Amino acid sequence: MTRYNHIILEIKVAIFEDNKLLRESLQLLVNNAEGMACSGAFPDANKLLRHMQIADPDVVMMDINMPGISGIEAVHLIKEKFPHVHILIQTVFDDNDKIFAAICAGASRYMLKKTPPLKMIEAIRETYLGGAPMTASVAVKVLQMFRQQTVKKVEFIDLSGREKEILALLVKGKSYKAIATTCFISIDTVSTHVRHIYEKLHVHSKSEAVAKAINQKLV
Amino acid sequence: MRYIGLPAILLMFSFGAYSQNTNIDSLKKKLSAQKADSNKVKTLIDLSASYQLASPDSCLVYAQRALTLAEKLRYDKGIFWSEIGIHAALYFKGDYPQELANAFKALSLSKKLSTPETTGYANGMLSDYYYSQGDYNTSLSYWREVIKIGEKRFPDEMLGLWANLSKIYDGMNMHDSAMFYAKKAYGKIKGNQGWHKEDYDVLRQRSLISTALGNAFAGKANYDSAMYYYRRGLPVSKNIHLETNVIDCYNGIAAVYKTTGKLDSAAWYAKKVLTAKIGRSYPVSLLKAANLLSDIYELQNRSDSTLKYLRLAISVRDSLFSREKMTAVQNINYKEQEQKKEMEAAKTKLQNQIILYFLLTGLTALLAIAGILLRDKRLTQLQKMRNNIADDLHDDIGSALSSIGILSELAKARSPEALSLLSSIEESIINIQENMSDIVWAVNPKNDRFENVLQRMNQFASEILDAKNIELSLKSDESLSGLRITMEQRKNFYLFFKEAINNAAKYSVAKKVCVNIVQKDRQVEMTINDNGKGFNVAEISGGNGMGTLKKRAAELCADFKIQSLPQEGTIVKLKFKIA
């Protein structure tokens, strides 16, 4: 979970990126940033568990498009064996389906590669601290997914009224700030609600039928 | 093994594949060793045939066993010959009347098996039945079939066939034809120099031909010749147990004696007919004999005997008559069944034709569809390949740009003097990345619905305006979401929107930007207005910002209006038609 109350010494970041130039640049970037260090940079996720043991990171930056084991699968694996690790997925494409699948698999956040480097660092810090923003596109898909749930399912998890409200605003593209104002709550509360939504999403998306549906969209 | 007892007519046909082994013991031994297969059926039939004369009961038993096994194995040929065997057995037992059904069954089967032997044999059986009933016309019609087959397939047997034909004509009192065929047969066998051979076939033929000749001559009132041939034929027939021929000879001789006035001899021979074992199976002969006797006794004025034999004749005639009725009924039944079968066959044929027709049409359609699908598949494969190559390229470029961005950012920290240069590099990179992202998005076929465009517009606008603390209100018609929009149009529309929002963010210093998109009959109208400081339209018209807007609007073939007054905000309107 998050470490609000602890002194942050150094965030250990592991990087999985198949493009050599980018991988090395990211390594440089992370190492040069305050309060974080790159504990491992790998070109693919094929020896994931071993690499994870070597790097022992707090945050992982995972490229979605890699040869061999796909980024999404890797997210699954990491969340299974190393549940405390936060995952940031990186992608060139705005491919909503893939992004959504990764988020359902347990990624905290996604980043487009065109994100300015400074924003990247910020994102890593935020992720480590537990902030998980939800963009409008992701929010739309979350809404769709919860709508499609059938009552018959035993693991029926529904969003609370508040969560649905926030989700609806997210879909419209409102920022956390705007939502906080509209709902008369603090931004932190908004974050917490969003986090809850993510958790429910992860639980829900573990169900086979859902996983299948997601996979089918990607194929 | 041939069923030798069957009324003279049928003896032509062998079982074809069946063995000639008549040794009962060796057959029995063979039987015990055999498995329940078609060979066993054959052995059973052979055994049955061997018992014909010695024990008609055993003959029947074996024939029935053969039938049961053949039916179980669905061995049609075996079924046929077993039925023949049963027929013969019952004939020998004198239980013949029951077996018209059997004869018709054989006929049906023969149609199914459709070999010359079975067809010939079945027709022969029926001809024979009608002959012994005295229905010579029907007998002739069936026998004609036999002759046809004989002429085609069994030329050697024609002797016997002609002899029998002669007998039928004799029955019909067509004595010339009877004579013709009898002589024909005789001529042939003499020509073969076979008359004196002693093998079974020849003896059989001699018996037949002699009887036929006897009848023919008697019919022509040539009693000496008639007697001659009867006398010649009788011992032969007795020897090989051709009972019908024996009876015929007796009747023939009796008739001749009567005509020539030798009444006692005539009576003697006629009585021999009445005591024949197979009398019941050959009622016409009984009738003949009974009539003869009653005539004879009448001539001798012995009224008691006359009456006795008259009564006998009447009872035989009665039974013949009732049997005629039964025959007629069975005939009709048989014909009905055959008709039904034919109709079913025709129906199935028609059905098959229809099915075939549909299959062919279906197949052609399938082939056509397959052809189209294959072509589509090729096209989609090509498209996929293109997409994959483009994606890889994009990925590489994107990643490279990202790293350049990162490196220049890091460089900024190390070389403050180069800050402005590096910033320019960064700006260029951001530009390229933006453009690439937009193009990739626009080209992706998944994004062909208006709601995808709206989503992206929303994302973009809220990010940009949020950073400048400008409130965004983006409204659109529900009806827009599902509309499909082409690649070209969505690219241009989106880029127009981007430019307008960028302008608002950069220059307007507004508090709020409102975007409103409506549609009617595929006419989309977008209004963007801000409450910023406005600008002088006339001044800016020539500049870059306007240029982009104008270009995009032109590509959309859209109506484009800008209204702005200093301090009163700006309104941008765009109207275009979705293709």
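Over which residues of chain A does pLDDT stay under 50? The stretch is residues 1–5, and the model gives it 3 contacts beyond four places in sequence. This is a predicted model, so confidence is a sensible place to start. Chain A as a whole averages a pLDDT of 82, with 84% of the residues scoring at least 70. For chain B the mean pLDDT is 84, and 93% of its residues reach 70 or more. Chain B has its own stretch with pLDDT below 50, residues 1–21, and there the model has 65 contacts beyond near neighbours in sequence. As for the complex, the predictor puts the ipTM at 0.81 and the pTM at 0.50.

Next comes the contact between the chains. Chain A brings 23 residues to it, and chain B brings 23 residues too. On the side of chain A that touches chain B, the elements giving two or more residues are helix H1 (20–32), helix H5 (117–129) and helix H6 (136–148) of chain A. The largest share of that side belongs to H1(A), with 7 residues. Sorted by class, the side of chain A that touches chain B holds 12 nonpolar, 8 polar and 3 charged residues.

Elsewhere in chain A, helix H4 (residues 96–105) is mostly covered, with 8 of its 10 residues buried. Those buried residues are Lys98(A), Ile99(A), Phe100(A), Ala101(A), Ala102(A), Ile103(A), Cys104(A) and Ala105(A). Right after H4(A) comes Gly106(A), with a positive phi near 130°.

What does H4(A) pack against? Helix H3 (residues 71–81) of chain A is a partner of H4(A): the two pack at an angle of about 10°, and their axes are 8 Å apart. With angles under 35 degrees counting as roughly parallel, H3(A) is therefore roughly parallel to H4(A). From H3(A), the contact draws on Gly71(A), Ile72(A), Val75(A), His76(A) and Lys79(A), and from H4(A) on Lys98(A), Ala101(A), Ala102(A) and Ala105(A). By class, the residues of this contact of H3(A) with H4(A) split into 5 nonpolar, 2 polar and 2 charged. The spacing within each helix fits a general point: an α-helix has 3.6 residues a turn, so residues three or four places apart point the same way. Of the H4(A) residues in the contact, Lys98(A), Ala101(A), Ala102(A) and Ala105(A) are also among the buried ones.

Turning to chain B, the secondary structure comes to 20 helices and 5 strands. Of the 579 residues in chain B, 40% are buried. Looking at contacts in chain B between residues at least 6 apart in sequence, 63% join residues at least 24 apart.

Strand S5 (residues 570–577) of chain B pairs with two other strands, S3(B) and S4(B). Strand S3 (residues 523–530) of chain B runs antiparallel to S5(B), and the pairing extends over 8 bridges. In this pairing, Asp530(B) sits opposite Thr570(B) of S5(B). Strand S4 (residues 559–564) of chain B is also antiparallel to S5(B), joined to it by 6 bridges. Here Phe560(B) has Leu574(B) of S5(B) as its bridge partner. S4(B) and S5(B) form a hairpin with 5 residues between them, and in the turn Gln567(B) has a positive phi of about 70°.

Which side chains of S5(B) point to the buried face? They are Thr570(B), Val572(B), Leu574(B) and Phe576(B), whereas Ile571(B), Lys573(B), Lys575(B) and Lys577(B) point to the other face and are not buried. Thr570(B) and Leu574(B) thus turn up twice, as buried residues of S5(B) and as the residues facing Asp530(B) and Phe560(B).

A few individual residues of chain B round off the picture. Most residues other than glycine have a negative phi. Ser114(B) is not a glycine, yet has a positive phi of about 50°. Ser114(B) lies in the loop between helix H5 (100–113) and helix H6 (116–133) of chain B. Cys557(B), again not a glycine, has a positive phi of about 55°, and is found in the loop between helix H20 (544–555) and S4 of chain B.

Are these two loop residues buried or exposed? Exposed is the answer for Ser114(B), because 9 other C-beta atoms lie within 10 Å and the cut-off for exposed is 12 or fewer. Cys557(B) counts as exposed as well, with 11 C-beta neighbours inside 10 Å. Asp25(B), in helix H1 (residues 24–33) of chain B, is exposed too, with 8 C-beta neighbours inside 10 Å. Asp25(B) and Leu47(B) are 22 residues apart in sequence, and their C-alpha atoms are 9.3 Å apart in space.

Note on methods
Residues numbered from 1 in each chain as written. Chains lettered and ligands numbered in written order. Predicted model: local features only at pLDDT ≥ 70, side-chain atom pairs only at ≥ 80, totals over all residues. Contact = placed C-beta atoms within 7 Å. Helix = DSSP H or I, 4+ residues; strand = E, 2+ residues; numbered from the N terminus. Nonpolar A, V, L, I, M, F, W, Y, C, P; charged D, E, K, R; others polar. Buried ≥ 20, exposed ≤ 12 C-beta atoms within 10 Å, placed from the backbone. Pairing = 2+ DSSP bridges. pLDDT = per-residue confidence, 0-100. Axes fitted to C-alpha atoms, helices over the stretch in contact; angles between N-to-C directions. Parallel < 35°, antiparallel > 145°, perpendicular 65-115°, else oblique.
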